[in-house]
Protein chains: 2
Amino acid sequence: MADGRKTVQTRAKSDNDAPARKRLPRNEREQMIVREATRFFAEVGFEGQTRELARRLGVTQPLIFRYFPTKEDLIERVYQEVYLSRWNPWWEELLEDRSMPLTERLSQFYKAYTTAIFTYEWVRIFVYSGLKGVNINRRYLALIRDRVLKRIMTEVRAEQNLPTPEEIPLSEREIELAWGLHGGVFYIAIRKWIYEFETPEDIEGVLEATVESFVKGAPAVMRRLLEGDQTKAKAPGLSLDNSTI
Amino acid sequence: MADGRKTVQTRAKSDNDAPARKRLPRNEREQMIVREATRFFAEVGFEGQTRELARRLGVTQPLIFRYFPTKEDLIERVYQEVYLSRWNPWWEELLEDRSMPLTERLSQFYKAYTTAIFTYEWVRIFVYSGLKGVNINRRYLALIRDRVLKRIMTEVRAEQNLPTPEEIPLSEREIELAWGLHGGVFYIAIRKWIYEFETPEDIEGVLEATVESFVKGAPAVMRRLLEGDQTKAKAPGLSLDNSTI
DNA sequence: TATGTTGTTTATCGATCGATAATAATTCGA
DNA sequence: TCGAATTATTATCGATCGATAAACAACATA
């Protein structure tokens, strides 16, 4: 304001915290936007406003639209950022490495899996996109079922000297047993990052105990299922009326 | 209807689908709004717009604000509608009825619990309010922990002739074992209503198998925990860096 | 130092949101 | 049957949303 030059005015944008205009290479700025958008949407959901996102980035709102044509494009990019390449193929090898006891394999797997997946961003983005009805979630759960749960049940059968899946295919009930284990583990993350409820400090110890309980409990059920105890095989049919209330 | 009264004219608001203006007693209309709002918010989340809600109700948007001063007040009311009085005190008696085998008690409990809780509205409203950071969720999880999980672990101890919680308090690790069971069960609802993924038709059978697996697996872990196997008691500390990737 | 390229901001549009005030229509008791 | 009381609608406000266009400023190169 003193010397009347435009440049000075626009740069020293008052004595506020605003760190003045910073010009970045295209790749760098794009990465910055995606990273901040991930944090932002994980926190407030995908209805979060581009103006608030821009404020957190320290840039103006229209700049975002110079990098992503629409907000939906940015969201799509966030999906990729979160889900992409967090899958470790080694996990699958680990699960079927029979040189190790099954309990040890499952413990190691879930420790590695939760280390990779149990983050604020991953869990909340996953749930938000699930509520939104995005297809990514179904694809991911199918991945878990086919690459993890089926492997787990195959290994449980092997350790119990039960028929292989080639001889007798895995039943839905067996897969559901594995979902019980997996869901119980994932629910720790839901408690922590969706409900903000207390979770154990020593997650690894809890995983060990959970796995041990599974390995000691599931085989008995499987033997019953496979060795033809039909008395408990009830007719299908879901009764979900609220008659209890 | 055939006598040409004014009522007839205004009611038959053209031959459109619009069911004409209907004047209702205050209580009735209020109940109708709350019920439809519950379905609506469960579907689209709390950012759902009052205009769309009004359209579904077949009334004008300002009418909603004649019954609820603000949208937030309506949401608060929806919370009450969903959570209130879905808790059945009989569940707690059931869990500690030692005239029944523990497996049978747990099966019956989870069948009754899921019958009352596993609804589209309940599950989605619960997750939406959790993401929003509402306190209700933490209160509810504390209820589950204190009235259900602690009871379950008390009964497991009793069946194994282990010390009562009065003699040796329940450890966090034991509670976590019960969370594993409970989370595994609730994850079925998450798969179905949050991710829209396949779930078993015969939920009751799955609950029986899951409970059986728990009752056969958990006691072994508990005996180890209680009988002083300290070798596996690792130092606390959560390692959640993504070093695996 | 001059100039073209490109990252960034300013200004603003049209649509949509929750909410309010004024008006109309329905119901029911005297 | 008439009019007060209550329910519902019409019209609209101010704020906020995603998105666009034009102007500006930083940097690389010559």
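These legends walk you through close-up views of a predicted model with two protein chains and a DNA strand.

**View 1. Chain B and chain A are two copies related by a rotation.** Turning chain B by 180°, with 0.0 Å of shift along the axis, superposes it on chain A with an RMSD of 0.1 Å. The two copies are thus related as by a two-fold rotation axis. Look next at where the copies touch: 100% of the interface residues of chain B are also interface residues in chain A, so the copies meet through the same surface.

**View 2. Here is the area where chain B meets chain A.** On the chain B side, 73 residues are in contact, and they touch 73 residues of chain A. How much area is buried between the two chains? The value is about 6700 Å², and carbon and sulfur atoms give 57% of it. In chain B, the residues that lose the most area to chain A are B:Leu131, B:Tyr187 and B:Tyr195, which together make up 11% of what that side buries.

**View 3. Salt bridges and polar contacts link the two chains.** Ten salt bridges are counted between chain B and chain A. One to find for yourself joins B:Arg191 to A:Glu176, with the closest N and O atoms 2.6 Å apart. There are also 14 residue pairs in polar contact between the chains, counting pairs with both residues at pLDDT 80 or more. Which elements of chain B give two or more residues to this side? They are α7 (102-117), α8 (120-132), α9 (135-159), α10 (172-193) and α11 (203-226). The largest share, 15 residues, comes from α11(B). Sorted by class, the side of chain B that touches chain A has 31 nonpolar, 19 polar and 23 charged residues.

**View 4. Residues of both chains surround DNA strand C.** Of the 26 residues around this strand, A:Arg23, A:Arg29, B:Arg23, B:Gln49 and B:Phe65 come nearest. Sugar and phosphate account for 58% of the strand's atoms that come within 4 Å of the protein. By class, the surface near the strand has seven nonpolar, seven polar and twelve charged residues. Its largest share, four residues, comes from α4(A).

**View 5. Three arginines approach DNA strand C.** A polar side-chain atom of A:Arg29 lies 2.6 Å from a phosphate oxygen of the strand. For A:Arg26, an N or O atom in the side chain is 3.4 Å from a phosphate oxygen. B:Arg51 has a polar side-chain atom 2.8 Å from a base nitrogen of DNA strand C.

Notes:
Residues numbered from 1 in each chain as written. Chains lettered and ligands numbered in written order. Predicted model: local features only at pLDDT ≥ 70, side-chain atom pairs only at ≥ 80, totals over all residues. Heavy atoms only, no water. Contact = heavy atoms within 4.5 Å. Buried area = accessible area lost by both parts, 1.4 Å probe. Salt bridge = Lys/Arg side-chain N within 4 Å of Asp/Glu carboxyl O. Polar contact = N/O pair within 3.5 Å; in protein donor to acceptor, adjacent residues only side chain to side chain. Nonpolar A, V, L, I, M, F, W, Y, C, P; charged D, E, K, R; others polar. Least-squares fit on C-alpha atoms with pLDDT ≥ 70 in both. Near = heavy atom within 4 Å.
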